[in-house]
Amino acid sequence: MSGHLYKENSLAGLIHHEHKISVAKCYQCGKCSAGCPVNTEMDFPPSMVLRMLQTEDPELEEKLLHAFSIWMCVTCEMCYGRCPMEIDIPKIMDFLRQKSLEQGKVNPKAKRIVKFHKAFLDSVKHTGRVSELGIIADYKMRSFAFTQDVMLAPKMIRRGKLHLIPEMIKDRSMVKKLFKKTINKKENPL
Amino acid sequence: MRIGLYPGCSLTGSSREYKESVVVVAKALGIILEEVPDWNCCGATAAHNLNHELALALPTRILALAEQAGFDKLVIPCAACYSRLTITQDELNNNPELKAKIIAHLGMDFKGTMVIQNAIQFIQDDILPILPAKITKPFDYKVACYYGCLLVRPHGILKFDRPEDPQTMDAVISAIGGTPIEWAFKNECCGAAMSIARTDVVGKLSGNIVKDAVDRGAEAIIVACPMCHSNLDMRRPNINKAMGEKFEQPVIYITQAIGLAIGLSPKELGLQRHFVAVNLPEKKVVETIMEEK
Amino acid sequence: MARIGVFVCHCGENISATVDCEKVAAVAAEFPGVVYSVDYKYMCSDPGQTLVKEAIIKHRLDGVVVSACSPRMHEPTFRRATEEAGLNPYLCEMANIREHCSWVHEKGDAATGKAIDTIRTLVEKVKRNTPLQPIRVPITKTALVIGGGVAGIQAALDIANAGHKVIMVERDPSIGGHMSQLSETFPTLDCSQCILTPRMVEVAQNKNIKLYSYAEVESVDGFIGNFKVKIRKKAKSIDESLCTGCGECTTKCPMKKIPSEFEQFLGKRPAIYIPFPQAVPNKPVIDKERCTYYLKGKCKICEKVCPTKAIRFDQEDEFIDVEVGAIVVATGIDIKGTDFFPEYGYGKYKDVITGLQFERLASASGPTGGEIRRPSDGTIPKKIVFVKCAGSRDPAKGIEYCSKICCMYTAKHTMLYKHKVHDGTAYVFYMDIRAGGKNYEEFVRRAISEDGAQYIRGRVSKIYEKNGKLMVYGADTLLSARAVEIEADMVVLATASVASSGAEELAQRLHTSYDQYNFFSEAHPKLKPIETNTGGIFLAGACQFPKDIPESVMMASGAAGKVACLFANDELTREPIVAEVNRKGAPYYSTCVSCFMCIPVCPYQAIDREQIKDRNGNLIKELARVNPGLCQGCGTCVALCRSKSIELHGFSNSQMMAEIIAVLN
């Protein structure tokens, strides 16, 4: 249907090839940016991201991979829910995040957010589930945010919400294998 | 009908009262829930933000285990897990090549036929029909039903309720004697996974939600998602700071509200685990003619 | 024995540069049945045609094959020449050796060979041609105009002034349509009713126009020139011959609080009502679904106060049968309501209104006397947000097209608002500004540069109400898509224009095509925007697609012109390339087995059942019969008929077989 709509190796072309999403459909109405709850925190609101992808301009693509927007996005799916062209913007954001990470281009402002996600996944990799204490310890180590939420821990323990000993599943080796085959593949050093 | 339960990590940790209320309400109503054996984390926001295939593989293992266990349907009270598993199943069922690849990673059989239900669908199917006779303390409060993002979006895949001004939770509240209010932030985001990394953003977004509900007379906010609960409840100090106002209204899980209505004690339902104290005023007790046991 | 003449044209160099025309003519001369074969440079020229005519006479030809361009070019030319030479024109066929041969192949033996084959095929066909006579169909010189909006009014007046009778059917109690609801029209800011009502009165007074208001088209049968239409005159519960339109009944009716359709539900009307003061006809109707008498059997105050005793509670719907020769469809459009928008409140918020509702507020004869006031509390809004493209250009909402008129009327609304509320601010959220008409662009610029309308490029994601204000969340895509939040007093949605309700049913009754949006389909989008694929039915105005007033008027006059052309003859002449079910003598009368499978497959409803009766009037059998006035010669029935009882004149089975065999040899 649109065999040569995009350059083969542009981000737009890859998004079209891998996820069958066509950024050409976007007519820049701005409804996504208008409904995005964290618009004011972003350097490029969603409709800008779409426009930058449409240009297939390598300079702008670099800017996107280095952008803060893609990590500030809270994946609430509001943009997709309101888009008149029904473009799967959350999928595009996921794609850009993965590319940004693989190419080591994460925006400095987003480092804390990425560290949190990595801490989260580390816990999953090692126990099969998420151990809150583990994550928080891991996150604090990665982010040096030692004093944050310090007052919260005792309150959580008092309410029985914090496991002091992590829960482990039996088939942890399977989970580790999944990580190895996907996010920890040799080509995607994390 | 064999009903599987996938609690997810939040329900066994920081939101354990949600699982407690689900289990105790089901028990009181004679519904048997079986937990998926040796379930793993679905990957939540972190997985799909960082790696597409991992984000598919983790939920697929859970679904494969559920299929293996022979459940007729899988109930997932956590909205985020419900979202991940439903979207994963839909994506793989529409992409045979990708499905085969993930199955190869897993080394497990996966058909993609499991019926997945969120907390409210489970309530509609299994609880509402038998509820009227069991209500002893009508939940006679004015409340704001907060759906959050992932219960109703993306509508094309979830096909649940309506994405704007949803009504299903409101109907449940009405069924237990409550008054759901009309308000404007039913489906606006609370700040989601930014709870730790950008607590300021959560304070603002969740603050807007609480403020609108309270301004319109809500005595409590009802939720069906542990992330939403955590942001509206545990992060209340951040909300108060961001809004410059102190809000006392508690945040209650829909299953806890049902539990109160059928006469279960607050302790059984885990209400004491909340950060914002649940001090709802006592209401009249309705005398129902109970069948002789 | 056949005497066929073959005439091979060089067409200048068009054919002869590729095909060896002399050789072709020489070979054709040897075909069995050909007695004359010649080639010439320009067959369609005067000398060329004379050549053909003289050959027909001199060689006593009984069949002609002109081998030249496509029949779509010159078939009429050569058939006319044949007729002038005294031979039936349908004994002349064209072999296309230009578009199908010389224009698409390289020069050489193959091209010449193909030309020879083509001619041989046509020669075999022509040997089996039969002389046909054009079909003559009488025309009833009365037109039916469905819809009394500005397009219907224009069409009716034009046809009537051309000297023909017009029947106009309007389903509302008054004519005028949406134009009568507007306050001022762009780009001149003329008062809409002031320019429309004189036309409405003209319609009422024109001797050639019979107006049926509060009426609908019930059924349509027949064909071009000969339609039989049944009109349902809905019961007004008034004897119109006695009613003077004094309006006493409307003032005394106790049911005063019914939401008025004319006021777009912003105002009220009684159960017995005249929709607006300038209504034509200026006579009331009773809303049977709200009138106390019809609901509960009580009241009847209107009957008591009527000075001419014109109220008739027992009046029933009346059916009127009319015969017309042409139908003009002018049923217009509807506007989507605010309830179509989940993210803007599902229609719950009183101060979120449509563009048409804003027109009623701005209108001097409207529910607020022309003052812009909030429907919720009657206060004057100081900040209005206009949202364009509300529903239009929106595949997610199922309306992909652009509604055409909203950009212009929104600019107009900002101007009307500013003229009335000097300290108010108008914001417009837009994607584009479509102002492609005479003085349209200048009009929009005036709204922005002189009347201070604030245009922001971006769509609105969500609107909700809080403390009496409307919170509007949009974005400014020209400023890096930054979020724009406005606390507005009123929101006007420029909602999508859609086909008028009931358009689909009407199209089906008329047996005419419509598209997925229920807009009536034109015969050709570029060259035949007024005709439909159904002969005799023409389109005027927005029922074909949303358009503004000048375009509606233009199209209406065009439709009237088409009708006048049709009525310029007393008879309609049609090509005789039609199907015919064979007839034989008693006792079979036909090879038709009366299965009637042909009737539902005919796209033109051209087949009916003929009753064969004996002299006492007893029915012997029913046979299928093709109406030559309606048949378009598509051949579907011919292919379908299981007993091979139908032939297509000019393309009979034997002609087709002869061609096929000739090609294969």
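How many residues of chain B are in contact with chain A? Keep that in mind as you click around; what you have open is a predicted model.

**Stop one: where B meets A.** Select chains A and B together. You'll find 40 residues of chain B in contact with 42 residues of chain A. Now colour the helices of chain B. Four of them each put at least two residues into the side that touches chain A: helix 1 (8–12), helix 3 (44–50), helix 4 (52–69) and helix 10 (199–215). Zoom in on helix 3 of chain B, since that's the one that gives the most to this side, with 6 residues. Then switch to colouring by residue class: the side of chain B that touches chain A splits into 20 nonpolar, 13 polar and 7 charged residues.

**Stop two: a helix pair in chain A.** Hide chain B and select residues 46–55 and 58–65 of chain A, which are helix 3 and helix 4 of that chain. Their axes sit 8 Å apart and the two pack at an angle of about 145 degrees. The crossing of this pair in chain A is left-handed. Show side chains for the contact: A:Val49, A:Met52 and A:Thr55 come from helix 3 of chain A, while A:Leu60, A:Lys63 and A:Leu64 come from helix 4 of chain A. By class, that contact has 4 nonpolar, 1 polar and 1 charged residues.

**Stop three: chain C.** Now show chain C on its own. Cartoon view gives you 18 helices and 34 strands. Its C-alpha atoms fill a box of roughly 95 × 75 × 40 Å along the principal axes. Of the 665 residues in chain C, 48% are buried. Try drawing contacts too: among those in chain C with a separation of 6 or more, 68% link residues 24 or more positions apart.

Definitions and conventions:
Residues numbered from 1 in each chain as written. Chains lettered and ligands numbered in written order. Predicted model: local features only at pLDDT ≥ 70, side-chain atom pairs only at ≥ 80, totals over all residues. Contact = placed C-beta atoms within 7 Å. Helix = DSSP H or I, 4+ residues; strand = E, 2+ residues; numbered from the N terminus. Nonpolar A, V, L, I, M, F, W, Y, C, P; charged D, E, K, R; others polar. Buried ≥ 20, exposed ≤ 12 C-beta atoms within 10 Å, placed from the backbone. Axes fitted to C-alpha atoms, helices over the stretch in contact; angles between N-to-C directions. Left-handed = near helix turned anticlockwise from the far one by under 90°.
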